[in-house]
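Welcome, and thank you for taking a look at this structure. Please open the view below and keep it beside you as we walk through it together.

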Amino acid sequence: MSLYDVIEQRLAQDEKSIMVTVLSGERQGDKVLYNEKGDVVYGNAVDGICINPEQRPEVLNLGAMECFVQPVEKDPEVLVLGAGHVSRCIADMLLFIGCHVTVADDRAEYLRPDFFDERVRRQCIDFNDLASQLPLKNYKGIIIVTRAHEYDSICLNQVRHLVDSAYMGVMGSHKRIFHAFEVLKEEGWTQQELDKIYAPIGLSLGADTPEEIALSIVSEYLAVTRGRKGGFLSEGSK
């Protein structure tokens, strides 16, 4: 089997893999695939490489050899709830950074094929039926941008069990979010659960247009899922 056959097989079985690409030296161009325990599953081992199961992409210098080490991961699945103007921009931006995108709304007229890129999965679903109609546990991010706070609350109740495992954010003003969260508290949500939701969603970029708002939202999603704070690189933010 080729390297890419092995990668495809391991991804299908949800097995972690780390790929090492030799960038310089006698073995320049070689690619080696490791499992999370550090065992070689394709190619010939690279001397001096120490495999970290939680590996992030990085370049390592091993004497006369330079290597790029990266985890091999499935493209993340992101669910966007609500299909308005901002949602369309969010979907485009998520596609641009390599995500698989599903957009769900209860209004078929907002899910027209000409509104979204053909790669976006469009689902016309009652927000009360999300748990029964969508594979919610597959989503690495859930972005809630519905038309009113009552629909936000319906969506949040459907995905409540995922607050510990997925990025979750809600669009809206501070006032709208405050009132929505007060209702959720009355319904039994704890403050600890609510604190895990990014609301109002997005980084503070001074965004005004749908495109700018989408940029702030997708930037926050990326920062959170990469374990970053989204600060200025010039200030040494991590």
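Domain bounds, as used here, come from an automatic or database domain assignment. Please also keep in mind that what you see is a predicted model. With that said, the domain assignment splits the chain into domain 1, covering 3-72, and domain 2, covering 77-226. Taken over C-alpha atoms, the centres of domain 1 and domain 2 are separated by 35 Å.

Let us begin with the sheet that includes strands S1 and S2. Strands of a sheet pair through backbone hydrogen bonds, either parallel or antiparallel. Here, five strands make an open sheet in the order S3-S2-S1-S5-S4, and the pairing is antiparallel. Strand S3 (40-42) and strand S4 (58-62) are the edge strands, each pairing on one side only. On average, and ignoring direction, neighbouring strands in this sheet are turned by 35° against each other. Helix H1 (residues 3-12) packs on the sheet, where H1 touches S1, S2, S3 and strand S5 (65-72). The direction of H1 makes about 20° with that of S2. For a closer view, find strand S1 (residues 17-22) and strand S2 (residues 31-35), which run antiparallel and are joined by five bridges. Isoleucine 18 has tyrosine 34 in S2 as its bridge partner.

Now move along the chain to another open sheet. Its five strands follow the order S8-S7-S6-S9-S10, with parallel pairing. Strand S8 (121-124) and strand S10 (167-170) form the edges, as each pairs on one side only. From one strand to the next, the twist averages 15°. Strand S6 (residues 77-81) and strand S7 (residues 100-105) run parallel, and five bridges join them. Look there for glutamate 77, which stands opposite histidine 100 in S7. Helix H7 packs on this sheet, touching S6, strand S9 (139-144) and S10. The direction of H7 makes about 155° with that of S10.

Helix H7 has another partner to visit. How do the axes of H2 and H7 cross? The axes of helix H2 (residues 85-96) and helix H7 (residues 210-225) come within 8 Å and cross at roughly 50°, which means that H2 is oblique to H7. The crossing of H2 and H7 is right-handed. On the H2 side, the contact is made by His85, Val86, Cys89, Ile90, Met93 and Leu94. They meet Pro210, Glu211, Ile213, Ala214, Leu215, Ile217, Val218 and Tyr221 in H7. Among the residues of this contact, 12 are nonpolar, one is polar and one is charged.

Terms used
Residues numbered from 1 in each chain as written. Predicted model: local features only at pLDDT ≥ 70, side-chain atom pairs only at ≥ 80, totals over all residues. Heavy atoms only, no water. Axes fitted to C-alpha atoms, helices over the stretch in contact; angles between N-to-C directions. Helix = DSSP H or I, 4+ residues; strand = E, 2+ residues; numbered from the N terminus. Parallel < 35°, antiparallel > 145°, perpendicular 65-115°, else oblique. Left-handed = near helix turned anticlockwise from the far one by under 90°. Contact = heavy atoms within 4.5 Å. Nonpolar A, V, L, I, M, F, W, Y, C, P; charged D, E, K, R; others polar. Pairing = 2+ DSSP bridges.
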